[in-house]
Amino acid sequence: MTKNPKISSLLFVAMVLTSPSSVGAEGRWTMGAGVGSQAGIYASEESDFGAGAYVAFDTEVLHLGLDGVSVGVVQGERFQVRVGLAPRWAPDFPETALFSGLDRDGTLEGTVSAVFHLNAALRATLDFRHDLLDEHGGYALELAARRGIAAGPVLVEASAGARHRDDDLNAHLIGVSTSEATAARNAYSPGSTTTPFVGISVTYPVGENVAMIGNVEYEYLGHAYRDSPLVEQAHASSVSFGIAYSF
């Protein structure tokens, strides 16, 4: 899976969750840059270290950024819903004989996200994405609980949840069709999966509009991924660190 776009997204998510300044009437720009490492799940894929950057503009209703565009359609005090468009990057297959001939492209997905604030520190989130260009034709659904803990100026947010990927999306990520089968890789249909994940983000403000951000995430992918001839690891993990500025 692509590395640098994910590193950029991790930086952005933490910045939105813990931004030191609110969105004013004229909107707010967010800029960030950082480095990170993502453990590879594919056979012969090494953990990758890379750099990422992020730019976004937000108003009370609209979001425009490198991660996509979204619009708030429900803006309640405790409950919000957004709809939008977001890219899904093509799987980052290693350049080895095992993956030769596997053709996977990126696509554009429609998104629906909802947030329910249970109290000042605890939120429940739902994120749904569906392929709009029929590159994989599938969908992904994420449900999570997220709790923020303040320790002086430092804000720590712990998250735990599950991700559901349907059989079409999994076939795109780790499947091998009958026409793609070779002596090195058997045909494989993974089916749908529901996998747990946990994560922690730490934000430390170093000025009125500047914050240092760190992120760690772990996801257990399970037997359906481990049994794929393309996959070597049954878990995915990532670590990133960066700085973000909003104005």
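This passage walks through the barrel, the helix lying across it, the nonpolar core and the aromatic pairs of a predicted model. Residues are numbered from 1 along each chain as its sequence is written. Local features need pLDDT of at least 70 and side-chain atom pairs count only at pLDDT 80 or more, while totals for chains, interfaces and linings use all residues, and side-chain values rest on heavy atoms, with hydrogens and water left out.

Start with the barrel. Twelve strands close up in the order β1-β2-β3-β4-β5-β6-β7-β8-β9-β10-β11-β12, with antiparallel pairing. Strands here are DSSP runs of E, at least two residues long, and helices are runs of H or I of at least four, numbered from the N terminus; two strands pair if DSSP finds at least two bridges between them. On average, neighbouring strands of this sheet are turned by 20° against each other, direction ignored. One of the pairings joins β3 (residues 62–65) to β4 (residues 68–75) over four bridges, and there G65 sits opposite G68.

Now for helix α2 (residues 167–174), whose buried residues are L169, N170, H172, L173 and I174. Because they cover an arc of only 160° around the axis, they end up on the same side of α2. (Buried is under 20% relative accessible area, exposed over 50%, partly exposed in between, with a 1.4 Å probe and protein chains only; the arc is that of the directions from the helix axis to the C-beta atoms.) These residues pack against β5, β8, β9, β10 and α3 (223–226), contact meaning heavy atoms within 4.5 Å. The helix lies across β5, β8, β9 and β10, at about 105° to β9; axes are lines fitted to C-alpha atoms, for helices over the stretch in contact, and angles run from 0 to 180 degrees between N-to-C directions.

The largest nonpolar core (buried Ala, Val, Leu, Ile, Met, Phe, Trp, Tyr and Cys joined through side-chain atoms within 4.5 Å) has 19 residues, and L173, I174 and F99 are among those with the most contacts inside it. Its largest share, three residues, comes from α2.

As for aromatics, there are seven pairs, counted when ring centres of Phe, Tyr or Trp (its six-membered ring) lie within 6.5 Å; planes under 30 degrees apart are stacked, over 60 edge-to-face, the rest tilted. W29 and F57 have ring centres 5.0 Å apart and planes at 50°, so this pair is tilted. It bridges β1 and β2, with the partners 28 residues apart. At 36% relative accessibility, W29 is partly exposed. Elsewhere, ring pairs link Y42, F93 and F99 into a cluster.
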